[in-house]
Structure formats: structure tokens, C-alpha cells
Amino acid sequence: MIVGNVLGAAALGFYLLAFNISSWLASSVPRCAASPWRASQAVGEGHHSALGRVERTVPLLVTLLVPICVDGHARQTLVEVLFGGVWQPAATVLQLLMILTVVRMLTAFGFDILAGAGAWKSALWVNLGWLVALIPALWIGTHRGGIQERRSRM
Amino acid sequence: MIVGLLVALPLTGIALHRVGVRLSGIARRVIRPLLAERARPRRLRTAVAGFTSPVVQLVVVGSVGFVTYALVAVSRSELRRWIALLPSKKRRAAAAESVTTPS
């Protein structure tokens with residue numbers, strides 16, 4: 001909503017394409033990543049055993065995500081192969097959105113653990129904290145530098 | 001992104017720490033993959049520039065880069081830990097039993 005209002009339809013199109021591509025990863029991996037915790041709970045493993053499993057899973061998740069999210073050349077080629085050269089500006093926004101995707105996946109994994117451990121209040125506070133900070137930050141980010149800068153280069 | 005890195009991740013970290021997750025252990029194991037990303041062959045991009053098809057470029061750069069990264073990022077002990085995370089027959093049997101046994 002904020003991006004569309006500030007930047008207009010063309011930039012919103014590039015932004016949405018980049019957001020869509022970055023969401024592919026988020027929609028496929030967390031289900032697998034969340035399963036160790038749920039599996040531990042299902043087989044009746046103790047709380048400490050489940051936490052140990054979480055401590056082994058998070059580095060695995062980060063190791064898998066880092067090369068996918070950081071490789072700029074692959075991102076540009078991917079956009080070109082799938083959507084054509086016209087959509088190339090989406091690749092520059094995708095760079096930031098991929099890092100955001102990793103953050104989203106790690107926090108989603110964290111929520112799952114918190115929910116599994118019965119710490120609903122903590123999960124709620126984390127969500128609220130993010131929401132409160134996100135709205136003004138997105139507004140400032142859209143107006144100053146970042147996406148606005150990308151649009152002016154287009 | 002900045003909000004995610006500066007607000008959401010620290011808040012989640014604090015919340016996880018409160019339920020008993022040891023973040024220091026996780027941080028130690030995450031450093032290696034983060035540094036290993038720098039080890040990916042940069043010159044590979046110029047090497048594959050000869051291929052006219054972007055699909056071929058994507059496949060070659062992606063696969064070679066990922067293999068190089070994996071060799072540097074994953075230690076043997078870490079690999080063994082991950083293999084142990086895979087569901088074993090014993091664990092699957094226990095899960096099936098817990099589902100079928102009435103409580």
C-alpha cells in the first residue's frame with residue numbers, strides 16, 4: 001500500500017515481482033524447518049531434547065539460505081530467464097527482499113518454537129514490536145533512498 | 001530489511017533465550033557459513049560469460065558456486081549432526097505408536 005501510493009504503478013509492478021520471487025523460498029522451506037520441533041514434540045522428546053534439536057536446525061537453515069540470498073548474479077539471471085530483460089529493475093529490489101526473506105524465515109521459525117514452548121506472550125510481543133517499527137520504517141525507506149532511488153534510475 | 005535485522009531478529013533472539021535456546025551455540029555455528037559465502041568463485045562469472053544462454057549460465061554458476069560454498073561452509077562434524085536430524089526408523093516408529101496408542 002505504502003509503496004504503491006508513493007512510487008506509482010510501474011515501480012509497484014517491479015516491487016511486487018521481486019516480492020513474489022523472494023516469497024518462493026519462504027513458502028517452501030519453513031514447513032521443513034519447523035518439522036524438527038514438531039517431530040520432537042510428537043514423539044514425546046523432552047523439552048531440552050527439543051531445544052537441542054532447534055539449536056542444530058537453525059545453523060542448517062542459515063547454511064542453506066545464505067548462498068541463495070546473497071548471489072546477485074544468479075538473481076539477475078533468474079529474473080532475465082523467467083520474466084525477460086524488461087523486468088531487470090526487479091532484481092535490484094530483490095537483493096534487499098531476499099535478505100528480508102531470510103529474516104522472516106528465521107523469525108517464523110522462532111515463532112514456531114515459542115508457540116511450541118507455550119510462550120505465546122513472547123511471540124505476540126515480537127510480532128507487535130516488528131509491526132510498530134515496520135510502518136514508519138517502510139514509509140521513510142520509500143521516501144528516502146532505497147526504492148525511490150531505484151525508480152529514479154529506471 | 002533494517003527493521004527485520006535490528007528489531008525482529010533481536011526480539012526473537014531474546015524471546016528464544018527466555019525459553020531456553022542457547023543462542024551462543026547457534027551464533028558460533030552460523031559464522032562459518034556466513035564467511036564461506038565469500039569463498040565462492042567470483043571469476044566463474046566471467047568464465048561463463050562465453051555461454052550465450054542465460055539458463056546455462058544460471059545452472060553452471062549456481063551449481064559450481066553452491067558446491068564450492070558447501071565444501072567450505074559445512075564441516076564434517078556439522079554434516080554428521082544434520083544427518084542425525086533426519087527422521088530415523090526408530091523415531092518414526094515411536095511417532096506412529098504415539099498416534100495409534102489411545103491416551
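How near do the axes of helix H6 (residues 120-143) of chain A and H1(B) come, and at what angle do they cross? They come within 9 Å and cross at roughly 170 degrees. This is a predicted model.

## The helix pair

Angles over 145 degrees count as roughly antiparallel. The crossing therefore makes H6(A) roughly antiparallel to H1(B).

Which residues meet here? From H6(A) come Ser122(A), Trp125(A), Val126(A), Gly129(A), Trp130(A), Ala133(A), Leu134(A) and Ala137(A). From H1(B) come Val3(B), Gly4(B), Val7(B), Ala8(B), Leu11(B), Thr12(B) and Ala15(B). Of the residues in this contact, 11 are nonpolar and 4 are polar. No charged residue takes part in the contact of H6(A) with H1(B).

## The whole interface

The helix pair belongs to a contact between two chains. Here 40 residues of chain B are in contact with 45 residues of chain A. About 3,800 Å² is buried between the chains. Carbon and sulfur atoms give 77% of that area.

How many salt bridges cross the interface of chain B and chain A? The rule finds 0. Polar contact between the chains comes to 1 residue pair, with both residues at pLDDT 80 or more.

## The chain B side

Several helices of chain B build the side that touches chain A. Helix H1 (2-19), helix H2 (23-36), helix H4 (54-73), helix H5 (76-85) and helix H6 (89-100) of chain B each supply at least two residues. H1(B) gives the largest share, 11 residues.

What kinds of residue make up this side of chain B? It has 27 nonpolar, 5 polar and 8 charged residues.

Conventions:
Residues numbered from 1 in each chain as written. Chains lettered and ligands numbered in written order. Predicted model: local features only at pLDDT ≥ 70, side-chain atom pairs only at ≥ 80, totals over all residues. Heavy atoms only, no water. Contact = heavy atoms within 4.5 Å. Buried area = accessible area lost by both parts, 1.4 Å probe. Salt bridge = Lys/Arg side-chain N within 4 Å of Asp/Glu carboxyl O. Polar contact = N/O pair within 3.5 Å; in protein donor to acceptor, adjacent residues only side chain to side chain. Helix = DSSP H or I, 4+ residues; strand = E, 2+ residues; numbered from the N terminus. Nonpolar A, V, L, I, M, F, W, Y, C, P; charged D, E, K, R; others polar. Axes fitted to C-alpha atoms, helices over the stretch in contact; angles between N-to-C directions. Parallel < 35°, antiparallel > 145°, perpendicular 65-115°, else oblique.
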